[in-house]
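Dear colleague,

I am passing on the structure we spoke of, with the sequence alongside, and would be glad if you looked it over before reading my notes. The notes follow below.

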Amino acid sequence: MTPPSHTEDGLSGPTDSGKRLLLGLRRGFRRKCPNCGHGLAFGGYLKLRPACDVCSHPIGEYRCDDAPPYFTIFLVGHIVVPGVLMMEQTIKPSLWMQMSIWLPATVLLCLGFLPFIKGAVLGTQWAMRIKG
Ligand SMILES: [Zn+2]
């Protein structure tokens, strides 16, 4: 019987895939390198670094594409739509009042969540070894 092969993070085999996913998500939400958890994954607001400064993991090879905006819109929609409906049912504000509250809130929530969700998608890709 051969011993399981270990990666640099100490996780191995199919039983560790759940732990690896949680580790990748946690590191990604913190916008850190999913491989080591110490280096920065982002060189700007949304731009991935070509490689980690600490472990040299090729972060730039991961392609998040449309997944981060999709999950961001999904999350923000589940916050804003109930808010709009609740406000409409309770205090019945005018349309311009609703628009002046919820349009900026939508933009700010999207801009606030997007980098962290992109980090989580990056961590998920790292956990599942999806590149390119
Ligand atoms: Zn690293």
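In what follows, a contact means heavy atoms within 4.5 Å. Taken that way, residues 24 or more positions apart account for 54% of the contacts in the protein chain with a separation of 6 or more. Please keep in mind throughout that this is a predicted model.

As to the general outline, the protein chain holds three helices and zero strands, and from the N terminus on the elements run α-α-α. Of its 132 residues, 35% count as buried, while the accessible surface comes to about 8,400 Å², with 69% of that belonging to carbon and sulfur atoms.

Helix 3, which covers residues 95-127, has 33 residues and reaches 45 Å from its first C-alpha to its last, close to the 48 Å expected at 1.5 Å a residue. The helix is nevertheless bent, by about 35 degrees at L114, and a proline, P115, follows within four residues. After helix 3 comes R129, whose phi is positive, near 55 degrees.

P115 appears again in the surroundings of F42, a residue found in the loop between helix 1 (17-29) and helix 2. Is F42 buried or exposed? Its relative accessible area is 5%, and because buried means under 20%, F42 counts as buried. Leaving aside residues up to four places away in sequence, F42 touches R31, K47, L48, R49, P115, K118 and G119. Of these, R31 deserves separate mention, since its charged end sits over the ring of F42, 4.2 Å from the ring centre. F42 and K32, for their part, are 10 residues apart in sequence and 7.6 Å apart in space, C-alpha to C-alpha. A further arrangement of this kind involves R20, whose charged end sits over the ring of W126, 3.9 Å from its centre.

The loop between helix 1 and helix 2 also contains S56 and D65, and both call for a look at the backbone. S56 has a positive phi of about 65 degrees although it is not a glycine, and S56 is exposed, with a relative accessible area of 54%. For D65, likewise a residue other than glycine, phi is positive and near 50 degrees, and D65 is exposed as well, at a relative accessible area of 60%.

Turning to the aromatic rings, the count comes to two aromatic pairs. In the pair of Y70 and F71, the ring centres are 5.4 Å apart and the planes stand at 75 degrees, so the pair is edge-to-face. In the pair of Y70 and F74, the centres are 6.5 Å apart and the planes stand at 20 degrees, so this pair is stacked. These ring pairs link Y70, F71 and F74 into a cluster. Why might two residues four places apart point the same way? An α-helix has 3.6 residues a turn, so residues three or four places apart point the same way. Y70 and F74 both lie in helix 2 (residues 67-90), four residues apart, about one turn of the helix.

As for how far the cluster is covered, Y70 is exposed, with a relative accessible area of 52%, whereas F71 counts as partly exposed at 41% relative accessibility, and F74 is partly exposed too, with a relative accessible area of 48%.

With best regards

Note on methods. Residues are numbered from 1 along each chain as its sequence is written. This is a predicted model: local features need pLDDT of at least 70, side-chain atom pairs count only at pLDDT 80 or more; totals for chains, interfaces and linings use all residues. Side-chain values use heavy atoms; hydrogens and water are left out. Helices (H or I, at least four residues) and strands (E, at least two) are DSSP runs, numbered from the N terminus. Buried means under 20% relative accessible area, exposed over 50%, partly exposed in between (1.4 Å probe, protein chains only). Accessible areas come from the Shrake-Rupley method with a 1.4 Å probe; for residues, only the protein chains shown count as cover. Rings of Phe, Tyr and Trp (its six-membered ring) pair if their centres lie within 6.5 Å; planes under 30 degrees apart count as stacked, over 60 as edge-to-face and the rest as tilted. A charge sits over a ring if NZ of Lys or CZ of Arg is within 6 Å of the ring centre and within 35 degrees of the ring normal. The expected span of a helix is 1.5 Å times one less than its number of residues. The bend at a residue is the angle between axes fitted to the seven residues ending there and the seven starting there.
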